[in-house]
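Let's practise reading how the chains of an assembly relate to one another. Have the picture ready, and try each task before you look at its solution.

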There are 4 protein chains.
Amino acid sequence: MKKGIKIATIGGGSSYTPELVEGFIKRYDEFPVSELWLVDIEAGKEKLEIVGNLAKRMVEKAGLPINVHLTLDRRAALKDADFVTTQFRVGLLEARAKDERIPLKYGVLGQETNGPGGLFKGLRTIPVILDICRDMEELCPDAWLINFTNPAGMVTEAVLRYSNIKKVVGLCNVPIGIEMGVAKLLDVDHSRIHIDFAGLNHMVYGLDVYVDGVSVKDKVIDLLTDPNNSSFVKNIQGLGWEPGFIKALNVLTCPYHNYYYKTREMIEKDLVNAENEGTRAEVVQKLETELFELYKDPNLNIKPPQLEKRGGAYYSDAAVRLITSIYNDKRDIQPVNTMNRGAIASIPYDSAVEVSCVITKDGPKPISVGDLPVAVRGLVQQIKSFERIGAEAAVTGDYNTALLALTINPLTPSDKIAKEIIDEMMEAHKEHLPQFFSKVEA
Amino acid sequence: MKKGIKIATIGGGSSYTPELVEGFIKRYDEFPVSELWLVDIEAGKEKLEIVGNLAKRMVEKAGLPINVHLTLDRRAALKDADFVTTQFRVGLLEARAKDERIPLKYGVLGQETNGPGGLFKGLRTIPVILDICRDMEELCPDAWLINFTNPAGMVTEAVLRYSNIKKVVGLCNVPIGIEMGVAKLLDVDHSRIHIDFAGLNHMVYGLDVYVDGVSVKDKVIDLLTDPNNSSFVKNIQGLGWEPGFIKALNVLTCPYHNYYYKTREMIEKDLVNAENEGTRAEVVQKLETELFELYKDPNLNIKPPQLEKRGGAYYSDAAVRLITSIYNDKRDIQPVNTMNRGAIASIPYDSAVEVSCVITKDGPKPISVGDLPVAVRGLVQQIKSFERIGAEAAVTGDYNTALLALTINPLTPSDKIAKEIIDEMMEAHKEHLPQFFSKVEA
Amino acid sequence: MKKGIKIATIGGGSSYTPELVEGFIKRYDEFPVSELWLVDIEAGKEKLEIVGNLAKRMVEKAGLPINVHLTLDRRAALKDADFVTTQFRVGLLEARAKDERIPLKYGVLGQETNGPGGLFKGLRTIPVILDICRDMEELCPDAWLINFTNPAGMVTEAVLRYSNIKKVVGLCNVPIGIEMGVAKLLDVDHSRIHIDFAGLNHMVYGLDVYVDGVSVKDKVIDLLTDPNNSSFVKNIQGLGWEPGFIKALNVLTCPYHNYYYKTREMIEKDLVNAENEGTRAEVVQKLETELFELYKDPNLNIKPPQLEKRGGAYYSDAAVRLITSIYNDKRDIQPVNTMNRGAIASIPYDSAVEVSCVITKDGPKPISVGDLPVAVRGLVQQIKSFERIGAEAAVTGDYNTALLALTINPLTPSDKIAKEIIDEMMEAHKEHLPQFFSKVEA
Amino acid sequence: MKKGIKIATIGGGSSYTPELVEGFIKRYDEFPVSELWLVDIEAGKEKLEIVGNLAKRMVEKAGLPINVHLTLDRRAALKDADFVTTQFRVGLLEARAKDERIPLKYGVLGQETNGPGGLFKGLRTIPVILDICRDMEELCPDAWLINFTNPAGMVTEAVLRYSNIKKVVGLCNVPIGIEMGVAKLLDVDHSRIHIDFAGLNHMVYGLDVYVDGVSVKDKVIDLLTDPNNSSFVKNIQGLGWEPGFIKALNVLTCPYHNYYYKTREMIEKDLVNAENEGTRAEVVQKLETELFELYKDPNLNIKPPQLEKRGGAYYSDAAVRLITSIYNDKRDIQPVNTMNRGAIASIPYDSAVEVSCVITKDGPKPISVGDLPVAVRGLVQQIKSFERIGAEAAVTGDYNTALLALTINPLTPSDKIAKEIIDEMMEAHKEHLPQFFSKVEA
């Protein structure tokens, strides 16, 4: 008989792991984990040791019977797991830095989940996640795959289309971040806020927003476009919007919409940042070094507050909340990436969407949205097409398919520049893109 | 009893009119026009006289009993008309020049049917066309409205949504131009070529292409991406495509796709052109002056060959072919702008699309396409949303709606730049945008 | 400031009212009703007095500050109501008896929510409910209309299409009855059962069934088709199904499916019943007389157990559960009749469906179903078409539309018999069908 | 190089063959058949000889170089064929007689394309047609399969879903029969009539009807419901409709709609007919015997006029017209059974529908219909579900699937009667249903 819950966390050496461990500790009462397997690859062994030992100290301090295993043997970790969480990064932060630097040379956004960077992170990640899926089919066919690895939309699409694992959920902290921002804006407790989310990962809209079930969308949009709130709004939304635009749009945006509705300014800002403080990967690399120094401290037995600067706020909460709701068939509402099943009209039935769902033991059940507002339909379709064709390129290793994916991306200024960027990035990421190069060699 | 066919041509003073007249003359046998009413406004009176007299001479030379009327009284022209054709330009070429010049200042495409220029041409044109529709309801409720006025997609959308005239067809010479280009590329007679067109006006794709009913799409795509054909392809397609991109896209594009898949290069090219030879409107203004000089020649009684440089090739053929097929219930296949009626999945049922149709006396019946290829779906949706919201702005005169339309246009780099362009263009076109300014004054 | 919750119950003199009152008493803690207005018409005055006084005694016994008002003034009851519940019956049980008797003469099912009876109950009820909606617009525009009046599907469709009241929910006790039956079949507590319901009112299917979130559909279908359970199954499902049929259908049916999948046997059974014990209306008339005798007892201050024989089990629970969840924005899952909004593919976006929804203060949000199983799609469409056209006939008073509705109903054997039945029933219900007769007189 | 057109006609010994041969002769100019292979099975050898020799005499009389081959070797006939036509009947007219007789015993329609008979004809036919498809893949992969074998809807559905042959068209003479009837009703030449057909095989509606392109639907419906025309209408439509019903339905029906909108009367009529003159199969058996006697006459070298009594009027014209249009890429409009491709909303994209199509060398391209009228949607869905599940039963040999198909058929009065009919018919057709019995024996 099954003794307790087994979790396998792929990319367990991530600096985020203490967040996740904290989440499991906090919700132990309703979600009693008995085994937590942190898996990593050879190159991440040292980090795994450091963060894994911190995890063990955290569990010990909490006085809970959670067994933390550190391993490089993925199959051992997957064996009979109940939940598999993925937070790995193929090529580590070095690869991310390339995703960010190279496009900027061409005057194109360099970002790890959008545009060329998003595509190449997908091309590197999808073969690995599909390999994990194949192992899961064999070793833990009933487990849920909870994916945090970006680009979460393209990755979830790839799992749905190209693997036999149907129990997959993609998770992102963007929606919860918007909820928190709105709660702050309205100065009400987060628990009283509900938002009807719909769209795609990093392209999600809040179609309506409620306090205690009563719509306050008009008020929120007024506040978001009130010049007196501009510094606050920039904090939660990026550069701040033209009031008239956002009033006519009449839905809540997410921070990543800045890349699409403020493309030129965002690239200019990123060029300046890259020049001065370095790209985000480069900044994070420094933060991570500091974090791992902290993690090494044998007296540290809690998640250090400095982790919050790393980004990924509310990540722990979102992740463990989701897993707990699945485990307990809670039937509460959470926004996740799952198969559309008709919830958003004009997105294919079998494509991944990010949408408010009822979370059940049988998985997320999307709440029907009908059609998206006219003004956002096209952009959402465009990113969905990008995700689908990007996933296809990742699986087939077909150069032209990758070129097509990038050319149709709305952040790409032309087919020719797409080709130049792809050629340089293919070369730069060569070791992590065997599907494209093994063929050439053959 | 009805004696013969009456045509009312709004914007009859256009330099294109001899094309149209030539078309009616050529097809007189199957489409016996008895009255052709050329209508224009006071400002176009002189041109109307010149071109109208040429039209009379052409008819006389052909020896046909077509009565050509020149008038500034639109209602007299519409009274009991069978077909109303519209080829007017609100604000004349001066307005077009502004549509082209102003956006370029902001590093944005200046073009009269796409991006900011397309929006403002729509904002100026739609109120006029809806006014014509109101007159038609009263004066010729059974007539067909054949619209050539650009942006034909947005204008057709507006007529379908905001008027009671349901007998409307939008016509464009782009599809016939693609057919001609393919015929030349394959060196076969045009009559043997069939293309399955689907998409939107100036955003239409050739989903398959046939010679004598046999698909030759693969061959055409090979030829289009063959470097040996590059100069030919540039001629028919603009800048020429990355071969890998077009192979993966796997459908035929139209010349206007250059603006979307080669945005940066097109703007650079337009900036250079504007600097050197002037914008297209400025070039055309010179051509028109020359053309009207020619038209004045009392000995001229045919369409002068110089008209072809004006652009709009095959226009006469496409227009009269369409009207003739409606009149005779020919049930042949032609690509036109009409209500979707489910032909293209994921475009609303009641929106305008450009699609191959069976042309009947009861109007065009679109041939079912199913869904568009994944790679093009998003862009098409985006332009459809732009058209719908642009049409809404034109009707309501709501500033924020116009700002929304422009911001979601894929050629617009940001909401902030959208606002700057709109503010400058609103001012520049003020006299032709009463719906936006009368309110402010009120 | 609002002092408490006001409920207006149209048809308050119904024998069901004690159920509803019991429900409000039980849930008072989370749903503190301060005013309950029971409204009825002149003809129901005596019953209203009897049942209203019982309601007062029940409230008094419970020691709760709920003010029970008895009135014939509907507008006074509606004024500032928070929830309006409707349980009236136009023409009382006498009309129901005609709905049941007349079709049987033609060998057609006589039943008050299906076939000819369902149509005529709709024709009588819809004008009244739309009249209530008009009053609500004026007197309590923010109230929720909770409709229990049958045919609930056609009535909800009519409100959605032909009134301005959008806050409407149709409620039925069939789904909760299925849940209870399954709980009994599996011998588990009802609270552990979840069923994914989808379809239409009295035409709802259980697409999957879970215990503690784990699907047990296969087991339930095995039990339902196990000959050892046949007497139990007949109890909850009617006549019992052919095992092979229900196995291939592979979803749970509702008792009303017997009319469609066992048409001949059901009519035969009803003919025998009508001969022997009388039709259901005639049986209920006797039950009601007895019930009202009981209700008169001034010592009675609880819902008498005899009410359960009346039918409508779990009605109180379903109704008050729904209202309480709306009021408290509970976001729990309940099957109700609401606008489809894309939840069930191939049913129009704006039609009423019966589907599992998240119940929020903003109303029910349907959970996306995708498409119904192939085998049930057609029947569901057919009933939806019947409901739509029936609602149209009720509103327009057009005879041919009523004839069309009945002819396309799957229980009708021919257009000719449809006409004969309609002619006889129109005459029989004449006084309650002014929309059909006032015209004739005019 | 290909010398001429080769036709393979499976079931070449049919009494219909002279019709087909006449058609090829008449259209020889535009469709020059060089080889006509008539194939049959051993049991049909004698008929094949008789009708084949008549075919040879007809060709000889016409003086055309068409080579007529008679063979029992299907593979030889299929080898390099350009068109394969199928008109075979598994089990011959004896089986049809069972399809007609057995259901009547249970008070259910006995007809070879609807209800139980339609199901069993499908169960017998589909395995054979799929076997032909497998041969075609190997022997003539580029050929078009033109299927006339009933139930043509279920058979076309099966080929689309369960074979690799995509070049398949199902053909029926019902639409052309309706056109002819309307022409007669209006007293205009058939060539001037156009009808927009949409629906399914033997369940097709005329959504609009035109003379010279002008809608005359209202007039046609008035004539069809005019009591003065009743005897004429009965001739073309069966029993004649209730005027109010057909006016509200507001589309043209086909004769087979009598089974659905006049179920009871049709069964009564069929019971009487079966008693008196015999079922249709029994009548046809006599006609066939007489026809083959005629065919034997060595002096007969034309299609004898007596064939017309056999039914299947216009069959030759419809069949050869279709094939000729495909061959010549005529792009004319014809109603055929083909993949929906979105033409009819709410019918699956990949299901067979009967709809007006543009006939091209690349196959039929359906003209977009949008959604069917509300009143007919349900019935059409129901028959489509019946066809799909029937086809699945034919392929899998699963008893319960067959039971499901029959139970959901609108002509079936209950699951129990469905089972009784299936059990008797399975036994009666045992030798032609190996897919159901080989399993049982195994």
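**Exercise 1.** What rotation, and what shift along its axis, superposes chain B on chain D?

*Solution.* Keep in mind that this is a predicted model. Start with the turn: chain B goes onto chain D by a rotation of 180°. Next, look at the shift along the axis, which is 0.0 Å, and at the fit, with an RMSD of 0.0 Å. This is therefore the relation of a two-fold axis. Finally, compare the contact residues: 96% of those of chain B recur in chain D, so the same surface serves both copies.

**Exercise 2.** What turn and shift lay chain B on chain A?

*Solution.* Use a turn of 180° and a shift of 0.0 Å along the axis; the RMSD is then 0.0 Å. Now check the surface: 100% of the contact residues of chain B recur in chain A, and the same surface serves both copies.

**Exercise 3.** How many residues of chain B are in contact with chain A, and which helix supplies the largest share?

*Solution.* First, the count: 38 residues of chain B are in contact with 38 residues of chain A. Second, find the helices of chain B that each supply at least two residues to this side: α10 (243–249), α12 (263–276), α15 (374–396), α16 (399–408) and α17 (415–428). Third, pick the largest share: α15(B), with 11 residues. Last, sort this side of chain B by class: 16 nonpolar, 11 polar and 11 charged residues.

Conventions:
Residues numbered from 1 in each chain as written. Chains lettered and ligands numbered in written order. Predicted model: local features only at pLDDT ≥ 70, side-chain atom pairs only at ≥ 80, totals over all residues. Least-squares fit on C-alpha atoms with pLDDT ≥ 70 in both. Contact = placed C-beta atoms within 7 Å. Helix = DSSP H or I, 4+ residues; strand = E, 2+ residues; numbered from the N terminus. Nonpolar A, V, L, I, M, F, W, Y, C, P; charged D, E, K, R; others polar.
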